[in-house]
Amino acid sequence: TNSGITVHQTHPSRVLAGPGARHRVPGEVARLGAGRVLLVSTRSAKDAADDLAVRLGDRLAGRFGRAAAHTPVTVTAEAMEVVRESGADAVVAIGGGSAVGLAKAVSARTGVPQLVVPTTYAGSEVTPVLGETENGVKSTRRDQALVPGTVVYDPELTLTMPAGLTRTSALNALAHAVEALWAPDATAVSDAFATEACTGILDALPAVLARPDGLADRARLQQAAWLAGLCLGQTRMGLHHQLAHALGGTFDLPHAALHALLLPHVLAYNLPFAPKADARLRRITGDDPAAVVGRIARAHDGPTTLGALGVTWESLRAVAERVAAQPYPNPRPPEADALTRLLQAAW
Ligand code: NAD
């Protein structure tokens, strides 16, 4: 971008979206030419995974139902045993970002194709990114080969999301789109995706929370989260993701809840330095974006402060110093004193 030349890179994937799309999974597996599927899931997706297992019939070779947050390498090692025993030639994941992360980790170790069926708004299914934890340390890598080749968005699978997860996971998606708006490597395409993602999330989320079984609004929210995931895959994330990474990794915090409570504070910190993002978000919200997002975040029925998540006040300075010292793009210089005040406000 220093030269005025923008680079837009896309990642090949085939996406099916719509109510009942999950029933197309066996056909998509056949399309891949795979005959021995490893099915991975999280506990919450057990019913949907059981149903899929029946529909896969002879093509199902093994199951692993203990996908965990932040893709611990010890859990992946257990899943790899099932891969070896079953001779899997494809991995199908159904669940939130944890299940998708495990599919990526298995595919990275074996080269087998991935077909993923996301049940939250985390967006990992369309990114070339994998974060894995070993001995409590999270490291992230980026590789085109990590992008799942097939994604199936079925809004019916999101009907079981509790109100709290719906709210926080949608704000997690909003954070991807917001950071794409102020990213230095934003392009006309990422700006369009991010603007439409923010519009869709902020429009559909209140409707979904008012009527959680409304399938049309659920579908709208899921499609906005898809766009937000593409933003995450296409641009470099800034301060918000650095803070979430540092806090989440150090204190093992719930991913979506942490993103949700941080976002209003990062908006307030960055927007005065990010005119394009500020203008677009003001147009979408018709108000001060930080205040609007703050009202949505604070209405969460779970923890809404770092203190309530168990982070100690004394640790905030060290986190701020660590995040200030990292190299990443951000519209406002991340300065340790100011970041300490940001974290204290979130505490
Ligand atoms: P998750 O997958 O851990 O799910 C959170 C909780 O919600 C779990 O208890 C899960 O069982 C439950 N759940 C999921 N879907 C549900 C549904 N439809 N109904 C009821 N309950 C449901 O969390 P997440 O927020 O989806 O994903 C977080 C993980 O994904 C983290 O490990 C994060 O690092 C990773 N992630 C990675 C990327 C990437 O691009 N690599 C992007 C976003 C998130």
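Which domains supply at least three residues each to the shell around the ligand?

## Ligand shell

In this predicted model, domain 1 (14-158) and domain 2 (163-346) each give at least three residues to the shell around the ligand. The ligand has 29 residues around it. Nearest are Ser44, Gly96, Gly97, Thr120 and Ser124. Four elements contribute two or more residues to this shell: α4 (97-110), β6 (129-134), α5 (163-181) and α9 (255-270).

By residue class, the shell holds 19 polar residues, 9 nonpolar ones and 1 charged residue. Gly counts as polar in this split.

## Open sheet

The sheet is open and has 6 strands. Their order is β1-β8-β5-β4-β2-β3, and they pair in parallel. β1 (14-17) and β3 (60-64) are the edge strands. Each has a single partner strand, so one side of each lacks a neighbour in the sheet. On average, neighbouring strands are turned by 15° against each other, with direction ignored.

## The β1 edge

The partner of β1 is β8 (residues 150-153). These two strands pair in the parallel sense over 4 bridges. Within the pair, Arg14 is positioned opposite Thr150 of β8.

## A helix across the sheet

Helix α2 covers residues 46-56. It lies across three strands: β2 (37-41), β3 and β4 (90-95). Relative to β2, helix α2 runs at about 170°. One of the strands it crosses, β3, is also an edge strand of the sheet.

Definitions and conventions:
Residues numbered from 1 in each chain as written. Predicted model: local features only at pLDDT ≥ 70, side-chain atom pairs only at ≥ 80, totals over all residues. Pairing = 2+ DSSP bridges. Axes fitted to C-alpha atoms, helices over the stretch in contact; angles between N-to-C directions. Contact = placed C-beta atoms within 7 Å. Near = placed C-beta within 6 Å. Domains from an automatic or database assignment.
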